[in-house]
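Take a walk through this protein with the model open beside you. Start in the interior and work outward to the record.

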Amino acid sequence: MTLPTPQLHTARLRLRPFTDADAEPLYALHSDAHVLRYWDSPPWTEPARAQRFLAVCRRIEEEGTGARVAVDRASDGAFLGWCGLTGWNPDFRSASLGYAFNAAAWGHGYATETAHAVLRWAFDTLDLNRVQAETDTRNVASARVLKKLGFVHEGTLREDCVVNGDISDSWVFGLLRREWHPTAPPTA
């Protein structure tokens, strides 16, 4: 079953399917060591890595296991990052939320606004019951985004990743349909 990539819009953002033209800004995003300092894989060092990311995006959509969207600022069309759902399980009605934004987009509420739109799609269109998210325990900004969206901290995965050579813990957050508040997204 193909899972169609949503085309969503907010007051300030346009969420759209990826195109091949996104390879360059994706590479810039994922090759930035500061942006990826809490990521569970190292920064990209070769531009071809962006093409592989785009191929995975197409594959998970075709397989029906997820969807990722590019995020552009509506006012000028600038690429800010991406957000998506992966590990979609229609039997359990669950999926995992993930996102990455360039450093210039931080602190403006874009991640919260984007994730809210994706969650609305997840609960309304995909009829999910649960969305899970994980973040490195040092990434308090991402944890703050998840809490603004109504996610509940459910536990800690001890020493589950190696980030930049350091063994790292991850926080697990969950959001249930009955806890979801589909009103306007929280402000930054």
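This is a predicted model. Begin at V131. Leaving aside residues up to four places away in sequence, V131 touches L85, A95, L97, L119, A122, F123, F151, F173, G174 and L175.

Now widen the view. V131 belongs to the largest nonpolar core, a set of 36 residues. V131 is among the residues with the most contacts inside that core, together with L85, L97, L128 and F151. Several elements give two or more residues to this core. The strands are β2 (13-16), β3 (67-73), β4 (79-89), β5 (94-101), β6 (130-136) and β8 (166-176). The helices are α3 and α4 (140-148). Of these contributors, α3 gives the most, with nine residues.

A second core lies apart from this one. It has 15 residues, including A23, L26, F79 and A100.

Return to α3, which covers residues 110-124. H116 lies in this helix. Is H116 buried or exposed? Its relative accessibility is 4%, and buried means under 20%, so H116 counts as buried. Next, find T10. H116 and T10 are 106 residues apart along the chain, yet their C-alpha atoms are separated by 9.4 Å.

Finally, turn to the annotation. An unreviewed UniProt entry lists residues 13-178 as "domain: N-acetyltransferase". In the model, that span is 29% helix and 36% strand. The C-alpha atoms at its two ends lie 26 Å apart.

Note on methods
Residues numbered from 1 in each chain as written. Predicted model: local features only at pLDDT ≥ 70, side-chain atom pairs only at ≥ 80, totals over all residues. Heavy atoms only, no water. Helix = DSSP H or I, 4+ residues; strand = E, 2+ residues; numbered from the N terminus. Buried < 20%, exposed > 50% of the residue type's maximum accessible area, 1.4 Å probe, protein only. Core = buried A, V, L, I, M, F, W, Y, C linked by side-chain atoms within 4.5 Å. Contact = heavy atoms within 4.5 Å. UniProt positions renumbered as here; feature names shortened; annotations may be inferred.
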